[in-house]
Structure formats: structure tokens, C-alpha cells
Amino acid sequence: MWRQNSLITSDKPFDVHPDDQVQAMKASIGNHLLYTLAHDPTTALKPHWWWATCMAVRDRALAASFTMMRAHRQKNVRRVNYLSLEYLMGRLLENNLRNTGLYEPAKQALGEMGQDIDAILNKEPDMGLGNGGLGRLAACFLDSLSTLDLPAVGYGIHYEFGLFRQEFVNGQQTEQPDAWTRNGNPWKFRRPEYSVEVKLFGHVTQHFDDLGNARFTWEQTKSIVGVPWDIPVIGYKSHTVNFLRLWESHASDEFNLQIFNEGSYVAAMHEKAAGETISKVLYPNDSTESGKELRLVQQYFFVACSLSDIIRRYKRDNQGWEAFPDKVAIQLNDTHPAVAIPELMRLLVDTEGLEWTHAWSICQRTFSYTNHTLLPEALETWSVVLFERILPRHLQIIYRINQQFLENEVAKKWPGDLAKMRALSIIDESGSRKVRMAHLSVIGGHATNGVAALHTRLLREKLFPEFNELYPGRFLNVTNGITPRRWLMVCNPELTSLITESIGDAWTKDADKLRDLERFAVQPEFQQRFRAIKRLHKENLTRTVKELTGYEISPDAIFDVQIKRLHEYKRQHLNLLHIIELYHKLLQNPGLDIQPRVFIFAAKAAPGYYLAKNIIHAINAVAEKINHDPRILGKLKVVYLPNYGVTLAERIVPAADLSEQISTAGKEASGTGNMKLSLNGALTIGTLDGANVEIMEEVGQENIFIFGMTVEEVEALHAKGYNPWDVYWSDSGLRNAIDWISSDFFTGNASDFKPLRGSLLDGGDPFLVLADYRAYADCQAKVDAAYRDTTNWTRMSILNTARMGKFSSDRSIQEYADKIWRLPCVEFND
């Protein structure tokens with residue numbers, strides 16, 4: 001009855017007649033229920049149906065991947081290797097069904113088997129492999145690489161617990177393990193035959209070869225083993241299935257039988273526990289020395305495994321090393337993988353015996369680096385003492401790279417200029433000596449890119465001006481993007497259908513064609529259907545809010561959304577102060593004529609970032625007070641949704657009316673939440689920061705709400721001298737809001753939010769919350785007025801959707817391929 005259908009072939013597993021696909025899917029799902037999960041349809045529970053459906057899709061993906069891999073090997077293609085410490089993948093089943101064209105066949109097959117596809121899809125947990133925008137960007141890029149038929153491998157870490165599962169206790173964030181792997185996962189499969197041994201600690205000895213050349217041996221090291229897990233990444237209507245390879249750490253000697261037999265049972269397992277610690281969690285708390293050590297070990301572990309794997313694959317198809325940069329491109333997604341540069345040098349010089357100059361040439365032609373931050377304090381550095389203890393040979397290599405760089409390049413351009421040497425040196429000697437990983441990344445590669453036009457300009461002019469002068473043309477811009485498959489087709493299928501019905505489906509692979517929607521922006525029937533879709537998602541989100549928080553909200557209100565990592569520069573507390581002022585006004589005048597509004601927050605704060613956690617507590621305390629106050633007649637609600645991730649974002653994004661992108665100008669590199677929300681018809685309130693500038697250029701100044709200081713005005717204010725107390729005393733509404741949040745009104749304890757008040761006043765307000773406050777509040781009043789004109793608001797929303805084509809990750813990846821990687825797509829013969 002459940003015989004494997006012969007229609008599934010290794011050549012064209014997706015190119016089957018729809019009726020045959022339904023039967024093939026039924027056969028595959030039934031086979032996996034019976035033979036993989038030991039259940040038949042009468043005993044299988046929803047998780048079993050989900051697993052079996054995933055396996056049916058995975059079978060087809062693997063069949064397609066074999067065709068692709070044969071083509072790649074025959075052509076000996078150049079491949080990009082994307083190194084990222086995080087990938088925020090979300091759920092994969094629906095995305096993969098839509099990318100393969102199997103969604104409708106699977107829906108029909110499951111229906112004929114008595115199952116509802118939505119119930120099956122909701123059984124999938126989010127993969128615990130990422131945190132914020134960095135990880136979600138990496139996931140979007142993998143999707144686009146496969147969609148564009150570009151050969152690629154993503155490399156990262158197989159975290160057992162991910163970041164953490166966020167819960168609120170008395171309004172305060174608590175962190176619980178995110179045990180996403182507890183019940184296994186059908187998308188990933190283990191590849192122990194490609195395991196890699198990684199060395200740590202020890203010391204270095206020097207000796208000389210027969211020609212008198214100095215050679216170095218890294219000795220008395222400790223070893224751990226990296227075991228890879230692969231996750232297929234399926235392109236949309238493409239021939240390509242690339243892979244995400246994740247490394248899981250194990251002890252090289254997991255079990256000491258002799259110690260066990262002597263009765264020391266715990267000690268016998270010590271090495272196993274220590275080895276597995278490395279891949280336990282994403283971003284271990286680095287407020288302690290042991291936490292810092294674990295972070296550095298974690299970063300080296302994953303790049304050492306990845307480089308070993310890259311070299312193994314290269315040697316399989318090539319002889320010698322000269323062709324390495326022509327066949328291998330390595331992209332460093334931020335500085336977390338930057339230790340790959342000295343690691344490749346170690347492998348080429350110490351293991352392969354290449355001469356230093358030759359090895360360095362190969363290294364620079366292979367690596368490129370994406371910078372994701374303009375905050376100097378966020379540029380990663382490592383203590384020289386820590387580095388020397390964990391990676392002694394790598395520190396020697398970094399010293400030599402730095403010495404030759406300063407002598408051969410800096411000193412030649414700026415003879416005798418010690419200030420330039422100090423600014424450009426990889427080793428920061430201004431205090432305790434530290435290794436500057438961003439400097440290493442710039443020097444060790446052939447290209448450094450920013451992720452928005454403004455960000456790249458500031459990289460050149462403010463963050464790395466000396467490097468930009470030394471290396472003209474090395475700093476490039478590739479504005480970030482998002483995949484429209486995940487952030488429209490999956491999260492908003494109703495809007496997807498309306499768009500496709502109106503302009504065809506070419507936009508799904510060429511997002512610029514969304515511009516064809518512009519002609520519908522003022523058509524009453526289209527507007528009505530567009531509003532109905534927004535209303536449907538708002539109604540769905542009200543149920544999610546009730547389920548997660550217990551609060552009841554109305555879909556008639558403006559849904560004002562700020563969903564992003566909790567950080568001071570993103571200024572969730574600016575939003576909070578405005579909420580408090582509105583609340584105060586409503587208590588003074590309950591009849592105040594304002595549009596009902598629901599402020600929706602979702603974000604995690606790093607476990608050791610105590611001020612960010614204080615802001616979360618403050619938002620929850622204000623929400624609890626406002627949401628239970630009958631005096632304001634339901635005109636204001638505040639909700640903070642816990643445990644923000646991709647799946648929760650997919651519920652919030654299509655329901656949003658207003659998108660809060662309110663970072664201090666010059667602090668946000670790009671942002672991608674702004675793109676997702678605008679693509680789904682939310683209007684943006686924001687500063688001229690990051691990609692907001694380019695979004696304004698695309699959608700038009702009349703279809704976005706811009707406020708606040710520009711980068712130049714921020715610099716001028718700092719140069720003049722900024723005192724937040726001056727703003728506090730000059731603005732009574734703002735002063736009342738600050739005083740109120742630091743009183744005992746919201747929690748009964750006046751000291752609860754002293755850290756928040758202190759950062760805004762005594763701490764100097766480093767992110768200019770007070771300086772931008774009144775402009776923000778005035779802009780919010782414009783939002784209130786605009787929302788009253790339903791027809792014009794809908795027109796603006798449609799134009800936002802229509803003009804977001806530039807921000808497709810397909811465009812971003814094509815720019816990387818053309819400008820940085822020199823990576824042609826691979827053509828397949830049908």
C-alpha cells in the first residue's frame with residue numbers, strides 16, 4: 001500500500017505532473033511513517049506526520065542535490081564558503097514546500113490522508129541556530145544562493161541549545177535552554193566521515209629545516225573533534241540544493257574506562273562534557289574570563305573545522321595551491337570567523353610548507369569581509385594574553401602579519417607617522433594589549449563591504465578612514481536584502497495571491513517587477529482587498545497576543561510594531577517614553593481624540609546586558625499598568641511578546657501598520673526588519689539611519705515618516721557638547737515621563753528603573769534619546785493624523801510593497817557574486 005513511488009528520480013525529482021506528485025507524496029509520507037517512524041496512519045500523531053512530510057521533501061531535495069553536485073564537480077566550479085556564527089533559519093517545511101512547488105501537492109496528499117497541512121506545519125520548532133539580524137541575513141542569503149544557482153556552502157555551529165528561550169517572570173527576562181534538538185530534526189543529517197580534529201592550547205617550538213628556514217611546531221595541545229551535520233538549502237524554482245554544514249563538538253577521548261573502573265564515574269566523563277561544551281549555546285555570556293575563553297574557542301573551533309573541510313574538497317579536484325583563490329571564495333560574516341585568516345596561513349605555511357609571501361597572497365585573494373557595526377565598542381577584540389594561551393601559534397602569525405603590514409605598507413605611505421601606525425595596527429596597545437579582529441579582517445582579505453549605502457560611507461569616512469586611504473577601492477557597498485519567498489510567500493500567502501493575480505508571478509524571482517503594483521495603488525477594489533488581507537492578519541495576531549500574554553487587543557487599532565534585538569542604540573526606550581506621555585495625557589483627558597493604538601514589542605536582550613534587560617522590565621511594567629486601566633477606555637495597549645524568533649516574526653510582520661525603525665542616526669548598519677515590514681505594507685517611522693535612507697529613496701518621502709537628527713547633526717551636537725539635563729528641564733512632557741517611570745507608580749518600587757533613568761540623564765544619554773524625543777513625538781502625531789485617511793494610508797501601504805524590490809536578497813547576492821566573489825551561476829542541461 002505504501003510502496004515507494006517510482007516517480008521520484010534522481011534527475012528531476014520536482015518536474016512531475018501535479019497529479020502524479022500528489023500520489024508520490026502520499027507514498028513517500030506513508031513510507032516514512034511506516035519504515036522510518038514505525039507508525040501507520042492510525043497510530044501516528046501530528047509530530048509523526050510532520051516528520052514524515054519533512055522526510056518526503058528531503059528525499060527529493062537530496063535527489064536534486066546529487067545532480068547538482070555532479071555538475072559542480074564536472075565543471076570544477078568556484079564556490080563561495082559563507083562563514084557565519086549564526087543562522088536564524090526558522091521553520092523549514094513550508095518554505096521548502098513552496099520553493100519546490102510541492103505545497104499544493106503536499107496539501108492535497110495530506111488532506112486525502114485525513115490531515116490538515118496547517119496543523120502539520122505548526123508542529124515544527126524553530127531551529128536554535130541564531131539570534132538577530134545577522135543570523136536572519138545569513139539564512140536569507142543561503143536561500144538566494146540556491147535560488148540563483150550559485151555554488152555555495154554555509155558553515156556554522158550545531159548549537160544544542162541555541163541562544164535561549166526567553167520567559168518573563170514578574171515582567172523580567174529570564175533565560176531558559178532552547179532545547180530545539182531534543183526530539184531530533186528531520187532536516188539535518190550527520191556526516192561523521194568528514195569529522196575534523198581541532199587543536200587548542202599547548203605551546204610552539206621553533207626549529208630549522210635543511211635550508212635554514214625557520215619552522216614552527218604547535219605541541220602538547222588538547223584536541224576536540226568537530227562532527228558535521230548538513231541541512232539542505234533548497235532554491236526557489238532552481239536546480240540547486242546547497243548545504244549548510246554545522247559543526248558539533250566532541251571530546252577526542254570521550255570516555256576514560258580506566259578511571260571509570262577505579263570508581264571515578266564523573267571524572268571519567270569529564271573530557272566528554274568539556275568537549276561538548278563548545279557547541280552547547282550561541283554567544284555564551286562573556287562577562288567572565290571563562291565565558292571569554294569559551295567564545296574564542298568556539299570561534300576557532302568552527303573556522304578550523306570549516307577550513308579543513310574546504311581544503312579537503314579543494315584537494316579532491318585540484319593539484320597545487322595556485323588555483324585555490326580561483327576555486328575558493330570565503331566570506332566572513334562579521335568578525336566572529338576572522339581567526340580563519342591566521343588559521344589558513346598556519347595550514348599553508350606550517351602544514352603545506354608554502355613560502356610566507358605565497359601563502360599571504362593566496363590568503364588575501366581568498367577572503368572577503370562583511371562589516372555589520374559602526375559602534376567602535378562592538379568591534380571584536382581579544383586579549384593578547386587569552387589569545388596566546390588558547391592559540392599560541394596563531395598569535396605568532398598575527399604578529400608577523402602585523403609587522404609586515406606596518407613595515408611594508410603603512411610606513412611606506414606615511415613614513416615616521418606613529419599615529420597612523422597605532423591606528424592601523426592589528427594590535428591595540430592603548431591599554432592592555434588586544435587583537436583587533438576587524439583590522440585583521442580588512443588586512444587579510446581583498447574586499448570589505450558595508451551593508452547599506454550610508455553604512456559604507458561611514459565605514460570609509462569615520463570607522464576605517466586610514467584603511468580607506470591606504471586601500472582605495474577595497475571598501476564596497478552591498479545593501480542588505482531579504483528573501484521574498486520567506487517574507488511574503490510564506491508569511492503572507494494571501495497578499496502573495498493578490499499580487500500574483502494582479503501582475504503575474506515573475507516577481508517571485510525578480511522582485512523589481514513588484515513595481516507593476518503601482519498602478520493598483522489607487523484602485524478602490526484593490527485597496528479593499530489589500531485592507532482585508534491586513535485585517536485578517538491583525539485578527540490572527542490578536543489571538544497570538546492573547547495566547548502568549550493574556551492581553552486582549554483590538555484589530556481596529558493601529559498596530560505599532562518594534563521587533564528587533566534589544567539594544568540601547570535601537571532605542572526601544574524612546575518608544576517607551578512616548579507611550580508613557582500618551583498615557584499621562586489620556587489620564588488627564590480620557591476624551592482625547594487619538595487613534596486607538598497597540599504598541600507591540602518583541603526582542604531578546606543578551607543575558608549579560610543588564611540595562612537592556614531593565615528596559616524590557618520597564619516596558620512590561622508599563623504594559624501591565626496601561627492594559628488594566630479602564631480610565632483610558634482602551635485607547636492604548638502595550639504588549640511584549642516573549643521569545644521572539646522567525647516564526648513569531650512571520651505572524652507579526654503581515655499584521656503591522658507601523659514599523660518602528662528609530663535607531664540613533666549613524667548607529668544602525670542596515671537593518672532588515674524595516675524591509676520585511678515595508679514589503680508587507682507597513683509604513684515606516686524612522687530616522688535617516690541604515691537602510692532607512694534607501695527605503696525612503698525607493699518608496700518616496702511622502703510614503704514614510706522620517707524624524708530626528710541626521711548623522712551630521714548628531715556629530716555637530718556632540719562637538720558642541722550635549723547635556724541631556726538641558727532637554728529634560730526644557731520639555732515638561734518628557735520630564736514627566738522620565739519622572740513617572742522612575743517613581744513607584746508602575747511596580748511599587750521606585751528603584752526598579754533607576755538604571756534606565758541613570759543612562760538617560762547622569763549617564764549622558766549616549767544614544768540621544770532625549771535629543772530626538774520631541775521630534776519623534778511630533779512625528780507620531782503625524783502618523784495619527786495620516787491613519788484617519790483610510791484611502792490614502794492604503795495607497796501609501798501598497799506603494800511600500802510595490803517599491804521594495806531593491807531589497808530582495810537575490811539582488812544582494814548577485815552583487816556579492818559580481819563584485820566580490822566573481823562567482824558565475826552554474827548552468828544545468830535539461
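This is a short walk through the strands, a sheet and the hollow spaces of one predicted model.

Okay, ground rules before we start. The model is predicted, with local features needing pLDDT of at least 70, side-chain atom pairs counting only at pLDDT 80 or more, and totals for chains, interfaces and linings using all residues. Residues are numbered from 1 along each chain as its sequence is written, and side-chain values use heavy atoms, with hydrogens and water left out.

Let's begin with strand β10, residues 241-251. Helices and strands here are DSSP runs numbered from the N terminus, H or I with at least four residues for helices and E with at least two for strands. Is β10 buried or exposed? 11 of its 11 residues are buried, so the rest of the structure largely encloses this strand. By buried I mean under 20% relative accessible area; exposed is over 50%, and partly exposed is in between, with a 1.4 Å probe and protein chains only. Both faces of β10 are covered: one side carries Val241, Phe243, Arg245, Trp247, Ser249 and Ala251, and the other Asn242, Leu244, Leu246, Glu248 and His250.

Now, who sits beside β10? For pairing, DSSP has to find at least two bridges between two strands. Strand β2, residues 152-157, runs parallel to β10 with five bridges, while β9 runs antiparallel to β10 with 11 bridges. Have a look at tryptophan 247 in β10: isoleucine 157 stands opposite it, and so does proline 228. β9 and β10 make a hairpin with six residues between them, and lysine 237 in that turn has a positive phi of about 50 degrees.

Next up, β11, residues 328-333. Six of its six residues are buried. Val328, Ile330 and Leu332 point one way, with Ala329, Gln331 and Asn333 pointing the other. Strand β1, residues 79-83, is parallel to β11 with five bridges, and valine 80 has alanine 329 as its bridge partner there. β12, residues 367-370, is also joined to β11 in parallel, by four bridges, and asparagine 333 stands opposite threonine 370 in β12.

Moving along the chain, there's an open sheet of six strands, paired in parallel, in the order β20-β19-β18-β21-β22-β23. Which strands stand at the edges? Those are β20 (636-640) and β23 (705-706); each has a single partner strand, so one side of each is left without a neighbour in the sheet. Inside that order, β18 (residues 558-563) and β19 (residues 597-602) pair over six parallel bridges, with isoleucine 558 partnered by arginine 597 in β19. Helix α24, residues 610-627, lies across β19 and β20 and runs at about 140 degrees to β20. That angle comes from axes fitted to C-alpha atoms, for helices over the stretch in contact, and goes from 0 to 180 degrees between N-to-C directions.

A quick stop at glutamine 172, in strand β4 (residues 172-176). Glutamine 172 has 40% relative accessibility, so it counts as partly exposed. Its C-alpha is 9.6 Å from that of isoleucine 619, though the two are 447 residues apart in sequence. Setting aside neighbours within four places in sequence, glutamine 172 is in contact (heavy atoms within 4.5 Å) with Glu167 and His617.

Last topic, the holes. On a 1 Å grid over the protein atoms alone, a cavity is a set of points where a 1.4 Å probe fits but cannot get out; a pocket is an open set with protein on both sides within 12 Å along at least five of seven lines; and lining residues have an atom within 4 Å of a point. Grid points join across faces, edges and corners, and volume is the space filled by probe spheres set on the points.

How many cavities of 30 Å³ or more are there? Four. The largest has a volume of about 120 Å³, and of its 13 lining residues, Met89, Leu92, Asn95, Asp143 and Arg486 are the closest to the centre. Helix α6 supplies the largest share of that lining, four residues. The second largest cavity holds about 50 Å³, and its lining includes Lys564, Lys570 and Asp689.

And the second largest pocket? What is its volume? About 1200 Å³, with Glu94, Arg98, Val490, Cys491 and Pro493 the closest to its centre among 39 lining residues.

Terms used
Contact = heavy atoms within 4.5 Å.
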